[in-house]
Amino acid sequence: MPNAALMGALFCLPAWAQAQDLSFDTPFIIQASPMSGTAGGFIAITNTGETSDRLVAVARDGATVELHESLQDADGVARMEPRPYGFPIAPGETLRLARGGKHIMFLDLDAPFRPGDEVDVTLVFETAGEIPVAFAVSTPSGMGGTTDHASMGGDAHGDHRMSDK
């Protein structure tokens with residue numbers, strides 16, 4: 001009879017291999033205001049593999065988290081729309097979750113995020129599965145603070161890491 005742990009490891013191998021095909025750059029969160037109970041999450045995700053994947057959800061204890069996209073209608077009125085089916089990432093492409101476009105929306109926060117903190121978030125992919133990523137909390141541009149990624153819009157490169165928790 002095969003070892004159960006070995007069999008379990010073999011079944012997890014395809015998802016682990018797919019997770020290795022995704023790289024994460026500049027994950028950061030901007031709190032709308034300490035009183036708002038909402039914040040936006042931004043990150044660049046590059047698919048270096050040969051198989052398409054899709055970011056389908058994001059999870060964080062103490063918050064409702066949704067994938068959103070900011071759009072502008074013909075009258076120039078901006079609105080945010082939930083994207084319950086997520087965002088595809090083709091092989092060799094980068095999905096940029098940035099201000100004014102596709103992004104992560106943290107709603108109903110049980111406590112405000114504080115600039116300089118690191119927030120553990122789980123990104124959920126259709127193929128790669130759940131991947132924990134640490135997001136740095138920044139201040140909105142022009143409001144001061146020690147960590148201000150706001151001007152990067154998700155395009156700048158940083159030395160952020162996947163969470164090991």
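Start by selecting Gly-41 and Ile-104: Ile-104, in β8, is the bridge partner of Gly-41. The model is predicted, so local features need pLDDT of at least 70 and side-chain atom pairs count only at pLDDT 80 or more, while totals for chains, interfaces and linings use all residues. Residues are numbered from 1 along each chain as its sequence is written, and side-chain values use heavy atoms, with hydrogens and water left out.

**The whole chain**

Zoom out and colour by secondary structure. There are 1 helix and 10 strands in the chain, and from the N terminus the order of elements is α-β-β-β-β-β-β-β-β-β-β. Helices (H or I, at least four residues) and strands (E, at least two) are DSSP runs, numbered from the N terminus. Of the 165 residues in the chain, 38% are buried. Buried means under 20% relative accessible area, exposed means over 50%, and partly exposed lies in between, with a 1.4 Å probe and protein chains only. Among contacts between residues at least 6 apart in sequence, 65% join residues at least 24 apart; a contact means heavy atoms within 4.5 Å.

**Strand β8 and its partners**

Return to Ile-104 and select β8 (102-107). Of its 6 residues, 5 are buried, so β8 is largely enclosed by the rest of the structure. Add β2, which pairs with β8 in the antiparallel sense over 3 bridges. Two strands pair if DSSP finds at least two bridges between them. Now add strand β4 (residues 64-72), which is antiparallel to β8 and joined to it by 6 bridges. Here Leu-67 has Ile-104 as its bridge partner in β8.

**Strand β1**

Next select strand β1, residues 22-31. Because 9 of its 10 residues are buried, β1 is largely enclosed by the rest of the structure. An antiparallel pairing with strand β2 (residues 39-47) runs over 8 bridges, and within it Phe-24 stands opposite Ile-45. Strand β10 (residues 129-138) runs parallel to β1, with 3 bridges joining them. To find one of these, select Phe-28 and its bridge partner in β10, Ala-136.

Stay in β1 and pick Ile-29. Its relative accessibility is 0%, so Ile-29 counts as buried. Computed along the sequence, how far apart are Ile-29 and Gly-41, and how far in space? They are 12 residues apart in sequence and 4.4 Å apart from C-alpha to C-alpha. Leaving aside residues up to four places away in sequence, Ile-29 touches ten listed neighbours' worth of chain, including Gly-41, Phe-106, Phe-113, Val-119 and Phe-135.

**Aromatic pairs**

Show the rings. The structure holds 3 aromatic pairs. One of them is Phe-28 with Phe-42, a tilted pair with 5.2 Å between centres and 40 degrees between planes. Rings of Phe, Tyr and Trp (its six-membered ring) pair if their centres lie within 6.5 Å; planes under 30 degrees apart count as stacked, over 60 as edge-to-face and the rest as tilted. This pair links distant parts of the chain, with Phe-28 in strand β1 and Phe-42 in strand β2, 14 residues apart. Phe-28 counts as buried because its relative accessibility is 0%, and Phe-42 counts as buried because its value is 6%.

Move to Phe-106 and Phe-113. Their ring centres are 5.5 Å apart and their planes stand at 90 degrees, so the pair is edge-to-face. Both residues are buried.

**The nonpolar core**

Select Phe-24, Ile-45, Ile-104, Phe-106, Leu-123 and Phe-125, which have the most contacts inside the largest nonpolar core, a set of 27 residues. A nonpolar core is a set of buried Ala, Val, Leu, Ile, Met, Phe, Trp, Tyr and Cys residues joined through side-chain atoms within 4.5 Å.

**Ala-44**

Select Ala-44, in strand β2. Its relative accessible area is 3%, so Ala-44 is buried. The C-alpha atoms of Ala-44 and Ala-98 are separated by 8.0 Å, with the two positions 54 residues apart along the chain.
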